[in-house]
Amino acid sequence: MAPGKKTKKNVESMNSRLKLVMKSGKAILGYKSGLKGLRTGKAKMCLIASNCPPLRKSEMEYLAMLAKVPVHHYSGDNTELGTACGKLFNCSVVSIIDGGDSDILSSKE
């Protein structure tokens, strides 16, 4: 029972960090904008939803590796990721440009 509770707590903490980033920091939502952010070097972190297509996921991971940007594999699907960002639409990729008041860039989960 404890491992399930631990993962739920991690998801909740990531959701609260993401909410704080959307409020106080700067983030771009979407695959194409995320690629552009990684190519230009603006992105500081990349979040990828669990149901992102494998080709897109591997392309984002490859560009993030080249740009030396950490990648977080979000445990929820694209609907949950969009909701965590406070949007009413699906989003498979979120690139964080400025963390704001959140400690999302320094945390390693």
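Helices here are DSSP runs of at least four residues, numbered from the N terminus. By that count, Asn78 sits in helix H4. The model is a predicted one. Asn78 makes a convenient starting point.

Is Asn78 buried or exposed? Its relative accessibility is 18%. Buried means under 20%, so Asn78 counts as buried. Set aside neighbours within four places in sequence, and Asn78 is in contact with Ala49, Asn51, Asn90, Cys91 and Ser92.

Stay with helix H4, and move to the nonpolar core. The largest nonpolar core has 15 residues. Leu18, Leu47, Tyr74, Leu81, Val94, Ile96 and Ile104 have the most contacts inside it. Four elements give two or more residues to this core: helix H1 (2–24), strand S2 (45–48), helix H4 (78–84) and strand S4 (93–98). H1 provides the largest share, 3 residues. In general, nonpolar side chains tend to be buried together in soluble globular proteins.

Leu81 shows how one core residue is surrounded. Which residues does Leu81 touch, not counting those up to four places away in sequence? They are Leu18, Leu47, Ala49, Tyr74, Cys91, Ser92, Val93 and Val94. Three of these names also appear in the contacts of Asn78: Ala49, Cys91 and Ser92.

A second core is separate from this one. That second core has 12 residues, including Leu38, Ile48, Leu63 and Ala64.

Now turn to a pair of helices. Helix H2 covers residues 31–40, and helix H3 covers residues 54–67. The two pack at an angle of about 20 degrees, with their axes 9 Å apart. That angle makes H2 roughly parallel to H3, because angles under 35 degrees count as roughly parallel. The crossing of H2 and H3 is left-handed.

Which residues make the contact? H2 contributes Tyr31, Gly34, Leu35, Leu38 and Arg39. H3 contributes Arg56, Glu59, Met60, Leu63, Ala64 and Ala67. By class, the contact of H2 with H3 has 7 nonpolar, 1 polar and 3 charged residues. Leu38, Leu63 and Ala64 are named in this contact, and the second core includes them too.

End with Ala67, which is found in helix H3. Ala67 is one of the H3 residues in the contact with H2. Its relative accessibility is 32%, so Ala67 counts as partly exposed. Where is Lys42 relative to Ala67? The two are 25 residues apart in sequence. In space they are 9.5 Å apart, C-alpha to C-alpha.

Technical notes: Residues numbered from 1 in each chain as written. Predicted model: local features only at pLDDT ≥ 70, side-chain atom pairs only at ≥ 80, totals over all residues. Heavy atoms only, no water. Core = buried A, V, L, I, M, F, W, Y, C linked by side-chain atoms within 4.5 Å. Buried < 20%, exposed > 50% of the residue type's maximum accessible area, 1.4 Å probe, protein only. Contact = heavy atoms within 4.5 Å. Axes fitted to C-alpha atoms, helices over the stretch in contact; angles between N-to-C directions. Parallel < 35°, antiparallel > 145°, perpendicular 65-115°, else oblique. Left-handed = near helix turned anticlockwise from the far one by under 90°. Nonpolar A, V, L, I, M, F, W, Y, C, P; charged D, E, K, R; others polar.
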